[in-house]
Amino acid sequence: MFNALVVEKDEDSGKTSASVQQIADEALPEGDVTVAVAYSTVNYKDGLCIGPGGGLVRKYPHVPGIDFAGTVEASGDDRYKPGDKVVLTGWRVGENRWGGYAQKARVKADMLVPLPQGLDARQAMAVGTAGFTAMLAVMALEDHGLTPGDGPVLVTGAAGGVGSVATAILANLGYDVAAVTGRADQADYLTSLGATRIVARDDLTEVTRKPLEAEQWAGCIDAVAGAMLGRVLKQMNYGASVAAIGLAGGAAIDGALITPFILRGVNLLGIDSVMQPYDNRVRAWQRIASDLPMDKLEAMIQPATLSDLPQLGKDILKGQVKGRVVVDVNA
Ligand code: NDP
């Protein structure tokens, strides 16, 4: 038996409820590797899956948790043996199959990555899906030519999970980071992560019909979309790229025009962390271990337990979580 956060759905009312329950090992989904989970995290999608599901969960009862780190307990695959340290992000784990809000998880070996040298399970989950995505975004901007010294790089939704890690990685690599936040009280936090400038969210959320604005940004990692992305695209330098990772401010790009693309050659790069090929996942995790300062990662951590999750799920959907929540599933 092991503990897990279980989300159940009342078929009559359609309402869901989440509680910590004991589960028998036999109930675990099919898979070739069983992992003793040490830590998981809270991401925006987890907020949806802890609550009404947002169309992500196909079957109840459900165990959410879109990422986890832990130790292999049993393996039917040659690549892993008991005692190996592993990390998982993506593959719709925690959405359409049981995830990391449990002391045990069973998955396919293809979904796992060995924990990179230099990171323990807790640090790996302080990074989690959000930090992994931030690293993929940095890699995409660099692949499109961004180098330190090109000018300020904008990070939106900066006090959130992806934004916090993106800010810390970029600053550590020598980029000049402008952090956009709607929470003025988080300015010191963002400066401590390495932001050189704080931009108020309201300065970038007015929708305008201007075809272009003054060039200001050499690159951007955008977690917000909505009106913010519409504005930012018009302020990008000639030939610069925006790595679009999220939609915390809406699924549309409000007020967007074609002009930044055809008059300034701006690139909009979509970043998807879910279906990354194995080699790319390994490369991103190795770069996280080398490029993300661990003292800054510590400053982002909010510790939590399984029983804190129902409330944290609500908080993250309201954009009220700061940094990275690290869930100790054995606490
Ligand atoms: P968080 O909730 O931790 O951060 C989002 C941040 O966006 C908030 O902290 C807030 O930052 C800002 N924000 C929230 N609401 C609004 C709004 N209405 N208008 C403007 N800004 C807003 O989430 P994550 O960082 O974990 O994820 C961010 C987004 O990225 C989500 O949409 C998530 O689903 C997506 N995502 C995508 C992935 C991918 O593979 N592409 C992987 C991981 C996440 P502040 O208070 O500083 O303004």
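## A tour from loop to domain interface

Begin by selecting Arg92, which sits in the loop between strand S5 (85-89) and strand S6 (104-107). Keep in mind from this point on that what is on the screen is a predicted model. The backbone at Arg92 deserves a look, since its phi is positive, about 65°, although Arg92 is not a glycine. Most residues other than glycine have a negative phi, and most peptide bonds are trans. With a relative accessibility of 34%, Arg92 counts as partly exposed.

**Two more backbone features**

Next select Ala225, in the loop between S11 and H5, where phi is again positive, near 60°, in a residue other than glycine. Is Ala225 buried or exposed? Its relative accessibility is 7%, and Ala225 therefore counts as buried.

Then go to Tyr60 and Pro61, and display the backbone that joins them: the peptide bond from Tyr60 to Pro61 is cis, with omega near -5°. Pro61 belongs to the loop between helix H1 (44-50) and strand S4 (67-75).

**An enclosed helix**

Return to Ala225 and move on along the chain into helix H5, residues 226-234. Nine of the nine residues of this helix are buried, so H5 is largely enclosed by the rest of the structure. Among the residues to click through are Met228, Leu229, Val232 and Leu233, and the charged side chains Arg231 and Lys234 are buried as well. To see what surrounds H5, show strand S8 (153-155), strand S9 (177-181), strand S11 (217-222) and strand S12 (236-244), together with helix H6 (259-264) and strand S13 (267-270), for the buried residues of H5 pack against these elements.

**The two domains**

Now zoom out and colour the protein chain by its domain assignment, which gives domain 1 as 2-115 + 297-328 and domain 2 as 128-270. To their contact, domain 1 brings 13 residues and domain 2 brings 14 residues. The centres of domain 1 and domain 2, taken over C-alpha atoms, are 29 Å apart.

The size of an interface is often given as the accessible area lost when the parts come together. Between domain 1 and domain 2 the buried area is about 1,100 Å², and carbon and sulfur atoms give 61% of it. On the side of domain 1 that touches domain 2 there are four nonpolar, six polar and three charged residues. How many salt bridges are found across the interface of domain 1 and domain 2? The rule finds zero there, whereas four residue pairs are in polar contact across this interface.

**A buried threonine in helix H2**

Select Thr129 in helix H2, which spans residues 121-143. Thr129 is buried, its relative accessible area being 7%. Leaving aside residues up to four places away in sequence, Thr129 touches Asn43, Ile66, Asp67, Thr89, Ser273 and Arg324, so that selecting these six residues as sticks shows its contacts.

**Salt bridges**

Side chains of opposite charge can pair when their charged atoms come close. A search of the whole structure finds 12 salt bridges, and the last stops visit several of them.

Stay with helix H2 and select Arg122 together with Glu298, which form a salt bridge whose closest N and O atoms are 3.0 Å apart. Glu298 lies in helix H8 (residues 294-300) and Arg122 in helix H2, so the pair ties together parts that are 176 residues apart in sequence. Both partners are partly exposed, Glu298 with a relative accessible area of 36% and Arg122 with one of 29%.

Move next to Lys81 and Asp84, where the closest N and O atoms of the salt bridge are 3.1 Å apart. Lys81 counts as exposed at 52% relative accessibility, while Asp84 counts as buried at 19%.

Then find helix H7 (residues 278-291), in which Asp291 and Arg287 both lie, four residues apart, about one turn of the helix. Their side chains meet in a salt bridge of 2.9 Å from N to O, and Asp291 is buried, with a relative accessible area of 12%. As a final selection, show Asp25, Glu73 and Lys104, which salt bridges that share partners join into one network.

Terms used
Residues are numbered from 1 along each chain as its sequence is written. This is a predicted model: local features need pLDDT of at least 70, side-chain atom pairs count only at pLDDT 80 or more; totals for chains, interfaces and linings use all residues. Side-chain values use heavy atoms; hydrogens and water are left out. Domain bounds come from an automatic or database domain assignment. Contact means heavy atoms within 4.5 Å. Buried area is the accessible area (1.4 Å probe) that two parts lose on being put together, summed over both. A salt bridge is a side-chain nitrogen of Lys or Arg within 4 Å of a carboxyl oxygen of Asp or Glu. A polar contact is a pair of N or O atoms within 3.5 Å; within protein, one must be able to donate a hydrogen and the other to accept it, and residues adjacent in sequence count only if both atoms are side-chain atoms. Buried means under 20% relative accessible area, exposed over 50%, partly exposed in between (1.4 Å probe, protein chains only). Helices (H or I, at least four residues) and strands (E, at least two) are DSSP runs, numbered from the N terminus.
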